[in-house]
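Work through the exercises below with the structure open. Each task is followed by a stepwise solution.

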Amino acid sequence: MSANNVLKLPAGQGALWQHRLGLMLESTGEGVFGVDLAGNCVFINRAGAQMIGFAADEVMGRNMHALTHHSHADGTAYADSDCPIFNAFRNGLPCRVDAEVFWRRDGTAFPVEYSSYPILEGDTVHGAVITFVDITSRKLAADELQRAHDQLARANDELEQRVALRTEELSGALGQLRELSAYSEQVREEERTRIAREVHDELGSLLVALKMDVNWLHKRLGEQEGRSAEAAGDMRTQMRCKCQNMSRLIETAVDNVGRIITDLRPSILDHQGLWAALEWQAQEFVQSAELALAWRIDIPAGLQLPEPAAMAVFRIFQEMLSNVGRHAQASAIDIAIEVHEEVLELRVQDNGVGATRQALEAPTAYGVMGMRERARQLGGKLAIVSQPGQGSCLRLVIPLELA
């Protein structure tokens with residue numbers, strides 16, 4: 001056994017050693033006691049006795065395991081055959097333990113760190129010396145540190161989960177935005193194709209007909225001088241008919257140009273303002289779709305929205321009506337425009353077949369996505385209430401700065 005692990009006494013000097021050791025033990029703040037081979041206390045310093053709630057003379061001669069080390073922290077019995085303190089002299093096994101408790105006189109326990117080494121006189125084992133300290137504060141600090149670590153770990157886990165969830169949401173939103181952008185581009189391309197077809201098929205054919213008529217007139221005018229008076233008169237009659245036909249073609253071309261321009265941007269929006277444009281669009285829609293219309297508008301006199309906002313509201317309204325026309329199978333539509341508490345509300349309600357929430361929130365519901373995106377750009381929101389068989393209500397709400 002190493003000299004570092006045992007306390008050796010010079011032969012024949014036990015009494016002197018005990019006296020000097022007693023003086024040293026009383027000067028330390030750590031608890032120190034010694035036990036004989038039966039486990040009974042042969043000495044204890046004042047600090048040790050106070051920590052377990054006794055006076056030093058009350059402890060002398062008592063079995064220290066039964067007195068202060070009889071149970072584990074959970075209250076279960078601690079057999080002395082398992083006690084590391086006793087094993088220091090029974091088996092020559094010095095130890096250092098910081099995961100057990102000592103028990104006080106009042107029945108309460110406190111965590112301790114203790115060391116136990118055999119006491120040798122020569123080669124003879126006389127017992128063991130035990131040093132111990134109350135580590136309650138250390139345990140509390142360690143427990144607090146562990147709780148803080150656990151809380152931090154939980155917070156990190158929650159943060160990682162929230163970041164992962166938010167990343168997934170942003171990824172989904174980005175995917176939807178890309179799909180919406182692609183859909184918008186597709187719609188624009190289809191609109192360009194439609195306009196190009198109308199210009200080619202309608203305006204183009206009208207212009208070709210006008211060109212042919214102009215060529216006909218040019219040719220006939222060049223032949224007038226060679227005609228007789230009667231033939232020239234007949235030709236003038238034909239040319240007047242041709243001019244009338246050309247006039248009708250020109251009127252048709254003007255109407256077509258106006259219609260195309262209106263499709264691109266209704267002139268009524270510039271000339272009469274948003275509210276008149278909305279009513280005009282509603283009337284045009286119900287006439288085309290053969291629906292009954294209930295129209296209500298209640299706004300302060302002179303209220304006008306800035307041009308970008310007015311155009312955005314008009315486009316959202318167009319998409320609302322388009323949804324009714326494509327999906328609702330309705331027979332009547334109720335439109336209300338109101339201003340209250342500096343908020344503009346535009347509501348479109350139909351008595352159609354309605355729709356499920358899943359259909360309205362589907363990734364391919366580009367019309368709904370587009371309306372909501374326009375509403376967000378205005379600082380507002382679009383709410384949709386719909387139930388299968390109970391119609392739908394689309395409600396646009398945007399804030400206003402009323403003068």
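A residue counts as buried when its relative accessible area is under 20%. Both Phe102 and Tyr114 are buried by that cut-off. The model is predicted.

**Exercise 1. Classify the ring pair of Phe102 and Tyr114, and place it in the chain.**

Step 1. Take the distance. Ring centres within 6.5 Å make a pair. The centres of Phe102 and Tyr114 are 5.6 Å apart.

Step 2. Take the angle. Planes under 30 degrees apart count as stacked. Here the planes lie at 20 degrees, so the pair is stacked.

Step 3. Locate the partners. Phe102 belongs to strand β4 (residues 95–103), and Tyr114 to strand β5 (residues 109–121). They are 12 residues apart, and the pair links distant parts of the chain.

Step 4. Widen the view. The count of aromatic pairs comes to 5. Ring pairs join Phe33, Phe102, Phe110, Tyr114 and Phe132 into a cluster.

**Exercise 2. Describe the largest cavity: its volume, its lining and the character of that lining.**

Step 1. Count first. There is 1 cavity of 30 Å³ or more. The largest cavity holds about 40 Å³ of space.

Step 2. List the lining. It consists of Phe33, Met64, His65, Thr68, His69, Cys83, Ile85, Phe86 and Phe102. Phe33 and Phe102 in this list also belong to the ring cluster.

Step 3. Assign elements. α4 (64–68) and α5 (84–90) each give two or more residues to the lining. The largest share, 3 residues, comes from α4.

Step 4. Sort by character. The lining has 6 nonpolar residues, 3 polar and no charged.

**Exercise 3. Do likewise for the second largest pocket: which residues are closest to its centre, and which elements line it?**

Step 1. Take the volume. The second largest pocket holds about 390 Å³.

Step 2. Find the centre. The pocket has 21 lining residues, and the closest to its centre are Asn323, His327, Ala355, Leu360 and Val368.

Step 3. Assign elements. Two or more residues each come from α10 (307–328), α11 (357–360), α12 (366–377), β10 (381–386) and β11 (392–399). α10 gives the largest share, 5 residues.

Step 4. Sort by character. The split is 12 nonpolar, 7 polar and 2 charged.

**Exercise 4. Where does the charged end of Lys242 sit?**

Step 1. Apply the distance cut-off. NZ of Lys must be within 6 Å of the ring centre.

Step 2. Read the geometry. The charged end of Lys242 sits over the ring of Trp216, 5.2 Å from its centre.

Note on methods. Residues are numbered from 1 along each chain as its sequence is written. This is a predicted model: local features need pLDDT of at least 70, side-chain atom pairs count only at pLDDT 80 or more; totals for chains, interfaces and linings use all residues. Side-chain values use heavy atoms; hydrogens and water are left out. On a 1 Å grid over the protein atoms alone, a cavity is a set of points where a 1.4 Å probe fits but cannot get out, and a pocket is an open set with protein on both sides within 12 Å along at least five of seven lines; lining residues have an atom within 4 Å of a point. Grid points are joined across faces, edges and corners, and a volume is the space filled by probe spheres set on the points. Helices (H or I, at least four residues) and strands (E, at least two) are DSSP runs, numbered from the N terminus. Ala, Val, Leu, Ile, Met, Phe, Trp, Tyr, Cys and Pro count as nonpolar, Asp, Glu, Lys and Arg as charged, and the others, Gly among them, as polar. Rings of Phe, Tyr and Trp (its six-membered ring) pair if their centres lie within 6.5 Å; planes under 30 degrees apart count as stacked, over 60 as edge-to-face and the rest as tilted. Buried means under 20% relative accessible area, exposed over 50%, partly exposed in between (1.4 Å probe, protein chains only). A charge sits over a ring if NZ of Lys or CZ of Arg is within 6 Å of the ring centre and within 35 degrees of the ring normal.
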